[in-house]
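User: Hi! I'm new to protein structures and would like some help reading one. Could you walk me through it?

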Amino acid sequence: MESSQLLQEAILARAKAYVPYSNFAVGAALLDRNGQVHHGCNIENAGYTPCNCAERTAMFSAIAQGQQPGSFQMMAVVGDTDEPIAPCGVCRQVMVELCHPDMPILLGNMKGDTRMTTISELLPHAFGPWNLK
Ligand SMILES: O=c1ccn([C@H]2C[C@H](O)[C@@H](CO)O2)c(=O)[nH]1
Ligand SMILES: [Zn+2]
């Protein structure tokens, strides 16, 4: 699948966001090794702390569907930002754990700006599972 097509999937995922507090909808689409796409949206909560970002929703959903950590092909994330969206630090930490360091991550906004990156670039010198061994 082309990255532009995965970005379109992220836009579809974004429409499912539950964001009564921030009104800031984010969508993510995660392409698995079999070519299936897992959608993620942000899901907020009156307690604020339990809010879950689109990126983590997509990763956790895929793992819950039986996908293996490190096996994903690509992720796309989109929000209505001036620049291509920047995943938060918590999601970057989860990406370090569940995504291959060189997996392409396409960041976008609603104006069509994009930035292709990887988790190694987004979170260098990370703390990861290797530190516990
Ligand atoms: O990359 C991002 C950045 C923010 N959010 C969510 C968290 C919260 O619901 C709202 C405002 O921060 O956007 C995401 O889902 N992904
Ligand atoms: Zn996040």
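Analyst: Sure, let's go from the overall fold to a pair of helices and then to the ligand. Keep in mind that this is a predicted model.

User: How many helices and strands are there in the protein?

Analyst: You'll find 4 helices and 5 strands. Starting at the N terminus, their order reads α-β-β-α-β-α-β-β-α. The radius of gyration is 14 Å, close to the 14 Å that the globule rule gives for 133 residues, so the protein is as compact as a globular protein of that length. Along the principal axes, the C-alpha atoms fit a box of roughly 40 × 35 × 30 Å.

User: Now the helices. What describes two packed helices?

Analyst: In general, you give the angle between their axes and the distance between the axes. Here, take α2 (residues 54-64) and α3 (residues 89-98): they pack at about 30°, and their axes are 9 Å apart. Angles under 35 degrees count as roughly parallel, so that is what we call α2 relative to α3. The crossing of α2 past α3 is left-handed.

User: Which residues of α2 and α3 make the contact?

Analyst: From α2 it's Glu-55, Arg-56, Met-59 and Ile-63, and from α3 it's Cys-91, Val-94 and Leu-98. Sorted by class, this contact has 5 nonpolar residues, 2 charged ones and no polar ones.

User: And how many residues surround ligand 1?

Analyst: There are 14 around ligand 1, and the closest are Ser-22, Val-26, Asn-42, Cys-53 and Ala-54. The shell splits into 10 nonpolar, 2 polar and 2 charged residues.

How values were computed. Residues are numbered from 1 along each chain as its sequence is written. Chains are lettered from A and ligands numbered from 1 in the order in which they are written. This is a predicted model: local features need pLDDT of at least 70, side-chain atom pairs count only at pLDDT 80 or more; totals for chains, interfaces and linings use all residues. Axes are lines fitted to C-alpha atoms, for helices over the stretch in contact, and angles run from 0 to 180 degrees between N-to-C directions. Helices (H or I, at least four residues) and strands (E, at least two) are DSSP runs, numbered from the N terminus. Angles under 35 degrees count as roughly parallel, over 145 as roughly antiparallel, 65 to 115 as roughly perpendicular and the rest as oblique. A crossing is left-handed if the near helix is turned anticlockwise from the far one by less than a right angle, and right-handed if clockwise. Two residues are in contact if their C-beta atoms, placed from the backbone, lie within 7 Å. Ala, Val, Leu, Ile, Met, Phe, Trp, Tyr, Cys and Pro count as nonpolar, Asp, Glu, Lys and Arg as charged, and the others, Gly among them, as polar. A residue is near a molecule or strand if its C-beta atom, placed from the backbone, lies within 6 Å of it. The radius of gyration is taken over C-alpha atoms; the globule rule is 2.2 Å times the number of residues to the power 0.38.
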